[in-house]
Amino acid sequence: MFNNPDTTPSSDTETIIGSTVKVEGDFIGQGNIIVEGEVIGSLKTDGDLRIGSRATIRADVTAASAVVAGTVHGNITTQEQLELLDTAVVDGDIMAARVSMVPGAVFNGKCSMEQKSSKNVAASALKAANEEIKEKEEDK
Amino acid sequence: MYLYLYDAFISDKKYEKTITRIEHRLTDLGINGRIARSTLLTNPKSIVRDAVQRGVKTVVVVGGDSLIHKIITGIVGTEAALGVIPLGDEQTLATILGIPKNEAACDVLSARKIENIDVGKVNTTYFLTAASVLSDAIKVTCDDNYSIRPVKKKSQTSVYNFRELPEDTPASYKRFFSPQDGVLEATIEPLSFSLTDNIFKSIGKDRAPKVDRIDSIFPIKKVYIESTEPGKAFPVIVDGQQMLETPVSIEVEPKKLKVIVGKGRLF
């Protein structure tokens with residue numbers, strides 16, 4: 001896996017969800033995330049998200065920006081760029097400031113790109129996620 | 001005040017001259033102290049705990065990983081610092097801390113460069129490197145938020161505080177596994193049962209597992225690991241020294257251990 005330049009982590013990568021793993025629940029990350037496995041539930045990060053070609057996500061996704069090469073059954077919300085590559089399959093609504101879709105990508109859903117609203121919604125979702133993390137840490 | 005805790009095996013005659021040189025060097029440096037010996041009849045953890053409560057500021061293990069693992073519970077969270085004079089074969093922790101073997105370690109002790117490092121805790125047992133479960137029939141619940149299950153057979157799940165990485169590791173992986181980042185890293189990777197690794201082990205050349213065998217890395221503060229097979233428990237290997245059983249609760253205790261380090265430390 002790590003010899004594949006598409007999934008080699010950048011120096012800011014915080015989490016790698018590999019192809020031999022299934023994650024269930026509310027995943028809230030801080031930092032960049034690479035997904036090659038299966039995620040069920042919700043996936044939120046304040047960093048960049050890379051969804052590899054072998055990944056299957058059955059969750060609503062929120063990130064600063066995202067590159068999708070795998071399958072997502074759920075809504076995707078990004079503050080900045082959302083890029084769907086030729087192997088991407090998205091069944092759900094997308095909301096992003098900028099969207100790039102190459103030939104071969106499959107998208108079934110609504111697309112909202114009004115800059116103000118998509119940024120606000122993504123920013124609110126991320127703020128709520130961060131507050132959730134802080135609350136849980138304070139409870140501990 | 002220094003406490004020197006001698007490992008049981010160094011009473012062997014082959015270490016006699018080395019011990020004499022070490023003791024002379026400690027005296028020359030002005031850092032000699034009380035000597036205690038770990039034997040079948042003594043409890044090293046209690047020796048250390050009592051000494052720290054009486055005001056000992058530095059506990060030095062003269063020996064190897066096994067004794068270090070036994071006594072860290074008595075030092076974690078206190079003002080005492082852990083030092084090491086490595087003797088014997090099992091020296092993973094001394095290597096991490098950058099401590100040279102034999103009497104050269106005395107000069108490192110004298111320099112007294114101290115770092116605060118994280119420790120991991122499995123139930124009530126502390127660990128410095130890793131806790132590993134050699135089974136794929138487990139469920140790992142992370143930070144009370146989400147769970148991880150391996151879907152591939154013959155994989156192992158480990159929770160690392162620190163991991164030595166091979167020299168050819170890409171730079172982007174070197175940010176993981178730091179013992180000073182306040183988190184542990186839960187990883188999923190194939191079980192290390194390769195024929196090549198076993199051959200190297202048999203000739204005394206352990207190879208640090210290549211990082212490209214790691215499939216997943218999750219930074220976490222707390223995990224709960226349980227078996228998914230009803231009524232069945234799996235072994236949990238702690239620091240390569242102690243075996244517990246699932247279910248286990250593992251969490252990080254950030255910067256809870258003071259250690260004396262050398263220039264060659266790996267963090």
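Trainee: Which residue forms a salt bridge with R149(B)?

Mentor: This is a predicted model, and every value here is computed from it. Side chains of opposite charge can pair when their charged atoms come close. The closest N and O atoms of this pair are 4.0 Å apart. The partner of R149(B) is E24(A).

Trainee: Which strands does that pair join?

Mentor: The pair crosses between chains. R149(B) sits in strand β9 of chain B, residues 146-150. E24(A) sits in chain A, in residues 21-29. The two strands are β9 of chain B and β2 of chain A.

Trainee: Is E24(A) buried or partly exposed?

Mentor: Buried means under 20% relative accessible area, and exposed means over 50%. E24(A) has 29%, so the residue is partly exposed. R149(B) has a relative accessible area of 30%, so R149(B) is also partly exposed.

Trainee: How many salt bridges does the structure hold?

Mentor: Count over all chains, not chain B alone. The R149(B) to E24(A) pair is one of them. The total is 14.

Trainee: How many residues apart are E253(B) and K121(B)?

Mentor: Their side chains meet in a salt bridge, 3.7 Å from N to O. The pair links distant parts of the chain. E253(B) is in strand β16, residues 248-260, and K121(B) is in strand β5, residues 114-122. The separation is 132 residues.

Trainee: Why does E253(B) count as buried?

Mentor: The cut-off for buried is under 20% relative accessible area. E253(B) falls below it, so the label is buried, at 15%.

Trainee: What is the distance between the closest N and O atoms of K232(B) and E229(B)?

Mentor: These two residues form a salt bridge. K232(B) is partly exposed, at 44%. E229(B) is partly exposed too, at 34%. The closest N and O atoms are 3.7 Å apart.

Trainee: Which residues do salt bridges that share partners join into one network?

Mentor: Look in chain B. Shared partners tie the bridges together there. The network joins K113(B), E115(B) and R265(B).

Trainee: Which residues of helix α2 of chain B are buried?

Mentor: The helix spans residues 44-53. An α-helix has 3.6 residues a turn, so residues three or four places apart point the same way. The buried residues are P44(B), I47(B), V48(B), A51(B) and V52(B).

Trainee: Why are those residues on the same side of α2(B)?

Mentor: Take the directions around the helix axis. The buried residues span a limited part of the circle, which puts them on the same side of α2(B). The arc is only 125°.

Trainee: Which elements do the buried residues of α2(B) pack against?

Mentor: The partners are three strands and a helix, and they belong to chain B. The strands cover residues 2-6, 34-37 and 58-63, and the helix covers 65-71. In order, the elements are β1, β2, β3 and α3.

Trainee: Which residue follows α2(B) with a positive phi?

Mentor: Begin at the start of the helix, where a side-chain oxygen of N43(B) reaches to within 3.0 Å of the backbone nitrogen of K45(B). Then go past the other end, where phi turns positive, near 115°. The residue is G55(B).

Trainee: Which residue's backbone oxygen lies 3.3 Å from the side chain of S155(B)?

Mentor: S155(B) lies in strand β10, residues 155-160. Its relative accessible area is 4%, so S155(B) is buried. A polar atom of its side chain lies 3.3 Å from that backbone oxygen. The oxygen belongs to K152(B).

Trainee: Which residues does V102(A) contact, leaving aside its neighbours within four places in sequence?

Mentor: V102(A) lies in the loop between β13 and β14 of chain A. V102(A) is partly exposed, at 30%. Its C-alpha atom is 5.7 Å from that of D86(A), 16 residues apart along the chain. The contacts are L84(A), L85(A) and D86(A).

Trainee: What is the radius of gyration of chain B?

Mentor: Chain B has 267 residues, so a compact globule would come near 18 Å. The C-alpha atoms fill a box of roughly 60 × 40 × 35 Å. The value for chain B agrees with the globule: 19 Å.

Trainee: What share of the residues in chain B is buried?

Mentor: Chain B has six helices and 16 strands. Chain A has one helix and 15 strands, and 44% of its 140 residues count as buried. For chain B, the share is 51%.

Note on methods: Residues numbered from 1 in each chain as written. Chains lettered and ligands numbered in written order. Predicted model: local features only at pLDDT ≥ 70, side-chain atom pairs only at ≥ 80, totals over all residues. Heavy atoms only, no water. Helix = DSSP H or I, 4+ residues; strand = E, 2+ residues; numbered from the N terminus. Buried < 20%, exposed > 50% of the residue type's maximum accessible area, 1.4 Å probe, protein only. Polar contact = N/O pair within 3.5 Å; in protein donor to acceptor, adjacent residues only side chain to side chain. Arc of directions from axis to C-beta. Contact = heavy atoms within 4.5 Å. Rg over C-alpha atoms; globule rule 2.2 N^0.38 Å.
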